[in-house]
Amino acid sequence: MRIDWFHLRKTFDSYDASRRSFRSPCLGLLDFSASIRAGVTVILGPKGAGKTTLLRLTAMVSVPDDGRIIYQWGEQKSYVWSKGNATAGSSFLTELKGKISYVPVHCRWETDMTVEKAFLYEAQLKRVMNPRRKSAEIVAKWGLAGFRRSFVSELSGGAFKRFLLAHSLLVDPSIWILDEPTEGLDELGKKLLWRELRSNPQGRITMIATEKDMELAEAADDLILMEAGACRRIGKKKYLAASVPEGTVAAWYQAMQAFANLRHFR
Ligand SMILES: Nc1ncnc2c1ncn2[C@@H]1O[C@H](COP(=O)(O)OP(=O)(O)OP(=O)(O)O)[C@@H](O)[C@H]1O
């Protein structure tokens with residue numbers, strides 16, 4: 001399984017309310033090209049580098065202005081996500097979306113369902129095999145058994161984030177996309193997330209964007225460094241981290257940022 005991003009471009013209109021007119025478009029991604037394979041890929045970059053934009057495009061929540069994303073399953077099967085495909089629409093899009101789970105950094109659930117009901121509902125909707133058993137397994141695995149009868153809307157921030165992560169795994173996604181997953185997550189959630197990443201199922205692509213959680217970034221097999229909407233570096237974590245004396249992602253990232261600052265001063 002692999003994902004190839006080809007020359008992706010995404011811009012956003014920004015409205016200036018005081019002048020009642022549109023400013024020049026804001027850049028999300030500019031000619032972003034890269035490839036990743038199964039495993040855990042952590043995407044690093046400063047604020048505004050385009051990490052969320054990349055995740056949203058890959059999760060098919062948003063449509064590229066230009067370029068395309070190819071999702072390749074083995075030798076046989078591939079899907080393309082592009083502006084042309086999104087407007088044409090087709091049954092393949094539904095099939096592809098069913099393989100992807102995306103957890104945004106912030107979100108709200110306006111629902112009157114309990115935790116238990118929310119899992120079961122999703123499992124039945126997505127035609128998960130043995131929905132009751134699977135829901136119960138995930139609830140137990142993510143330490144949510146004590147909240148089974150609580151309303152989702154009443155969960156505290158940390159438990160809600162844990163619920164979102166657990167809920168996104170119900171369908172055993174082939175592509176699991178997480179935007180700043182440790183933001184607002186409680187300590188138990190962080191431990192469980194780490195365990196999940198360590199045992200990333202064979203063939204699953206897990207993509208995580210983070211601006212500053214370097215502890216989480218250590219869970220990566222591969223790293224992507226983004227800058228100004230483009231891919232500045234991509235490679236195996238073990239080789240990139242080994243290029244600095246400390247041998248850690250944090251030190252490598254710091255060195256890359258220092259280097260970027262130097263370039264800007266020239
Ligand atoms: N919906 C939007 N409308 C206008 N501009 C946007 C929108 N979404 C993103 N942008 C702009 O696109 C650029 C990239 O944003 P993006 O959120 O992808 O970056 P990021 O690396 O995830 O940073 P952050 O950690 O701040 O979210 C930024 O300049 C941002 O202001």
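How many C-beta neighbours does Ile-69 have inside 10 Å, and does that count make Ile-69 buried or exposed? In this predicted model, Ile-69 has 21 C-beta neighbours inside 10 Å and therefore counts as buried, since the threshold for burial is 20 or more. Ile-69 belongs to strand S4, which covers residues 66–73. Apart from neighbours within four places in sequence, its contacts are Ile-3, Trp-5, Leu-57, Thr-58 and Trp-81. From Ile-69 to Ser-199, 130 residues away along the chain, the C-alpha separation is 26 Å.

The chain as a whole may be considered next. Its secondary structure consists of ten helices and ten strands. For 266 residues, a compact globule would be expected to have a radius of gyration near 18 Å, and the value of 19 Å for this chain agrees with that expectation. Along the principal axes, the C-alpha atoms occupy a box of roughly 60 × 50 × 50 Å. Of the 266 residues, 34% are buried. Among contacts with a separation of 6 or more, 66% join residues that stand 24 or more positions apart.

The chain is divided into two parts: domain 1 comprises 2–99 + 173–265, and domain 2 comprises 110–164. Their C-alpha centres are 27 Å apart. Six residues of domain 1 and seven residues of domain 2 take part in the contact between them. On the domain 1 side, the touching residues comprise three nonpolar, two polar and one charged.

The interior offers a further view of the two domains. In soluble globular proteins, nonpolar side chains tend to be buried together. Here the largest nonpolar core holds 65 residues, of which Val-42, Ile-43, Phe-163, Ile-177, Ile-208 and Leu-223 touch the most other members. Helix H6, residues 157–168, makes the greatest contribution to this core, with six residues. Both domain 1 and domain 2 supply at least three residues to the core. As for Phe-163, its contacts beyond four places in sequence are Val-115, Leu-144, Val-152 and Leu-155.

Attention now turns to the ligand. Its shell contains 13 residues, and those that come nearest are Phe-12, Lys-47, Lys-51, Thr-52 and Thr-53. By class, the shell has three nonpolar, seven polar and three charged residues. Strand S1 (2–16), strand S2 (21–37) and helix H1 (51–58) each provide at least two residues of this shell. The most come from H1, which gives three.

Helix H1 is also mostly covered, with six of its eight residues buried. These are Lys-51, Thr-53, Leu-54, Leu-55, Leu-57 and Thr-58. Lys-51 and Thr-53 are thus buried and also among the residues that come nearest to the ligand. Leu-57 and Thr-58, likewise buried in H1, are among the contacts of Ile-69. Just after H1, Met-60 adopts a positive phi of about 65°.

Arg-198 provides a contrast in burial. This residue is found in helix H7, residues 187–198. With 9 other C-beta atoms within 10 Å, Arg-198 is exposed, because a residue counts as exposed when 12 or fewer such atoms lie within that distance. Arg-198 is 158 residues from Val-40 in sequence, while their C-alpha atoms are 8.9 Å apart in space.

How values were computed:
Residues are numbered from 1 along each chain as its sequence is written. This is a predicted model: local features need pLDDT of at least 70, side-chain atom pairs count only at pLDDT 80 or more; totals for chains, interfaces and linings use all residues. Helices (H or I, at least four residues) and strands (E, at least two) are DSSP runs, numbered from the N terminus. The radius of gyration is taken over C-alpha atoms; the globule rule is 2.2 Å times the number of residues to the power 0.38. Two residues are in contact if their C-beta atoms, placed from the backbone, lie within 7 Å. A residue is near a molecule or strand if its C-beta atom, placed from the backbone, lies within 6 Å of it. Ala, Val, Leu, Ile, Met, Phe, Trp, Tyr, Cys and Pro count as nonpolar, Asp, Glu, Lys and Arg as charged, and the others, Gly among them, as polar. A nonpolar core is a set of buried Ala, Val, Leu, Ile, Met, Phe, Trp, Tyr and Cys residues joined through C-beta atoms within 7 Å. Domain bounds come from an automatic or database domain assignment.
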